[in-house]
Amino acid sequence: MSRTKMFAVSAVTGVAILGATPAFATNIDRARTGVSAWSHGANGQIAVADTKGDSHEVYANYDRKYNKNLELRNSSGNGTTAYSANDTGNPVQDIQACVAINFQPDDCTVWWSDR
């Protein structure tokens with residue numbers, strides 16, 4: 001097969017593969033002292049980790065493509081991570097990581113959006 005034909009076949013195959021694969025999602029990360037929240041890969045799942053031994057509960061506010069105003073809490077303490085259900089058909093689009101502070105406004109990151 002000539003180089004020109006091989007290039008043409010490769011180009012057509014590459015375009016066909018790209019057209020058949022879903023769009024690549026963006027990794028979403030939010031963190032501040034005491035809390036880290038993320039959603040990676042296909043963004044089907046969110047995780048929130050307590051990263052400081054300060055007796056404060058941590059949580060993440062998040063939106064999915066079809067569901068808004070969701071919250072995932074982690075009250076298990078320092079060094080633990082809580083995970084949401086994995087739903088790649090309804091990907092996570094926005095995340096905000098927060099530390100719950102008693103009798104004061106909660107300490108939250110700015111929202112991160114993949115829209």
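In what order do the 4 strands of the open sheet stand? Hi everyone, let's start there, and please keep in mind that this is a predicted model.

The order is β1-β2-β3-β6, and the pairing is antiparallel. At the edges we find β1 and β6, the latter covering 81-83, and each has a single partner strand, so one side of each is left without a neighbour in the sheet. On average, neighbouring strands here are turned by 10° against each other, with direction ignored. As a quick reminder for the bench folks, strands of a sheet pair through backbone hydrogen bonds, either parallel or antiparallel.

Let's walk across from β1. This strand, residues 28-32, runs antiparallel to β2, residues 35-39, with 5 bridges between the two. Their hairpin has 2 residues between the strands, and G34 there takes a positive phi near 100°. If you want a spot to click on, R30 sits opposite A37 in β2. Now stay on A37 and look towards β3: there A37 stands opposite V48. The β2 and β3 pair, with β3 at residues 47-50, is again antiparallel, over 4 bridges.

R30 also takes us to my other favourite residue, Q96, since R30 is among the residues that Q96 touches. You'll find Q96 in strand β7, residues 92-99. Is Q96 buried or exposed? Its relative accessibility is 12%, and the cut-off for buried is under 20%, so Q96 counts as buried. The side chain of Q96 reaches the backbone oxygen of T109 at 3.0 Å. Beyond sequence neighbours up to four places away, Q96 also touches Y59, A60, N61, C108, V110 and W111, among others.

Thanks, that's my tour!

Technical notes. Residues numbered from 1 in each chain as written. Predicted model: local features only at pLDDT ≥ 70, side-chain atom pairs only at ≥ 80, totals over all residues. Heavy atoms only, no water. Pairing = 2+ DSSP bridges. Axes fitted to C-alpha atoms, helices over the stretch in contact; angles between N-to-C directions. Buried < 20%, exposed > 50% of the residue type's maximum accessible area, 1.4 Å probe, protein only. Polar contact = N/O pair within 3.5 Å; in protein donor to acceptor, adjacent residues only side chain to side chain. Contact = heavy atoms within 4.5 Å.
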